[in-house]
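Me: I would like to work through this model by asking about its parts in turn, and to have each answer reasoned out.

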Amino acid sequence: MTTTNNPEILEFIDRLADTGSHYRMEEMERLYLDDLGFLVLTPEGRIARFSKAEMLGEFRSRRDAGEPPLSTEKRVLHIEEQGDDATAVLYRRMGDQADPALYELRLRKVAGAWLVAGETVMPWPDLTTARGFLPPRTK
């Protein structure tokens, strides 16, 4: 099955990764909705929720400390679009010393432009041992 993704969404994801990876804070402010929910799976198996201000604060702190840019490495795995809402699933790795992650971007089109309404970040699974979310059939 061949899937064609909306080029506007692909371009937005490229811009989002480049903007965040280079700590361009003013542009980042415009790419995220104010009621953003940034969800991260913790090592304890819980979900930590961060607001837009908290998430941007981490990037601002890294920029102000002189941290080098993050990697823009990513691979768009799937996009579903329903009117002015879309969900994109990505492989993303922010650097050589960072674990790869599975990102779910929840996007909303506002005034003709795609914006991030939410993100969920989870560890990238070891695909050599992943068995699927359902147990094998017994009958």
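The questions below go from the overall fold to single residues of this predicted model.

Me: In what pattern do the helices and strands follow one another along the sequence?
Reply: This predicted model has three helices and six strands, and its C-alpha atoms fill a box of roughly 55 × 35 × 25 Å along the principal axes. Among contacts between residues at least 6 apart in sequence, 45% join residues at least 24 apart. Read along the sequence, the order of the elements is α-α-β-β-α-β-β-β-β.

Me: Which residues have the most contacts inside the largest nonpolar core?
Reply: In soluble globular proteins, nonpolar side chains tend to be buried together. Here buried residues make up 32% of the 139 residues, and the largest nonpolar core has 26 residues. Elements that each supply at least two residues of this core include α1 (7-21), α2 (25-31), β1 (32-41) and α3 (52-64), along with strands such as β4 (85-92). The residues with the most contacts inside the core are Tyr32, Met55 and Leu107.

Me: What distance separates the end C-alpha atoms of α3, and what span should its 13 residues have?
Reply: The expected span follows from a rise of 1.5 Å a residue, which for the 13 residues of α3 gives 18 Å. The distance between the end C-alpha atoms agrees with that expectation, being 18 Å.

Me: How wide an arc around the axis do the buried residues of α3 cover?
Reply: An α-helix has 3.6 residues a turn, so residues three or four places apart point the same way. In α3 the buried residues are Lys52, Met55, Leu56 and Phe59, and their arc is narrow enough to put them on the same side of α3. Ala53 and Asp64, on the other side of α3, are exposed. The arc covered by the buried residues is only 90 degrees.

Me: Which residues does methionine 55 contact, leaving aside its neighbours within four places in sequence?
Reply: Methionine 55 is one of the buried residues of α3, and what covers those buried residues includes α1, α2, β1 and β2 (47-50). With neighbours within four places in sequence left aside, the contacts of methionine 55 are Met28, Tyr32, Leu36 and Phe38.

Me: Is the ring pair of tyrosine 91 and tryptophan 124 stacked or edge-to-face?
Reply: A pair of aromatic rings is described by the distance of the centres and the angle of the planes. This is one of two aromatic pairs found in the whole structure, and it links tyrosine 91 in strand β4 with tryptophan 124 in the segment after β6, 33 residues apart. The ring centres are 4.9 Å apart and the planes stand at 90 degrees, so the pair is edge-to-face.

Me: Which residue lies over the face of tyrosine 91?
Reply: Tyrosine 91 counts as buried at 9% relative accessibility, whereas tryptophan 124 is partly exposed at 22%. The residue over the face of the tyrosine 91 ring, at 4.7 Å from the ring centre, is arginine 75.

Me: Is alanine 101 buried or exposed?
Reply: Alanine 101 lies in strand β5, and beyond four places in sequence it is in contact with Leu90, Tyr91, Arg92, Val121, Met122, Pro123 and Trp124. Since the relative accessibility of alanine 101 is 10%, and the cut-off is under 20%, alanine 101 counts as buried.

Conventions
Residues numbered from 1 in each chain as written. Predicted model: local features only at pLDDT ≥ 70, side-chain atom pairs only at ≥ 80, totals over all residues. Heavy atoms only, no water. Core = buried A, V, L, I, M, F, W, Y, C linked by side-chain atoms within 4.5 Å. Buried < 20%, exposed > 50% of the residue type's maximum accessible area, 1.4 Å probe, protein only. Helix = DSSP H or I, 4+ residues; strand = E, 2+ residues; numbered from the N terminus. Contact = heavy atoms within 4.5 Å. Expected span 1.5 Å × (residues − 1). Arc of directions from axis to C-beta. Phe/Tyr/Trp six-rings, centres within 6.5 Å; stacked < 30°, edge-to-face > 60°. Lys NZ or Arg CZ within 6 Å of the ring centre and 35° of its normal.
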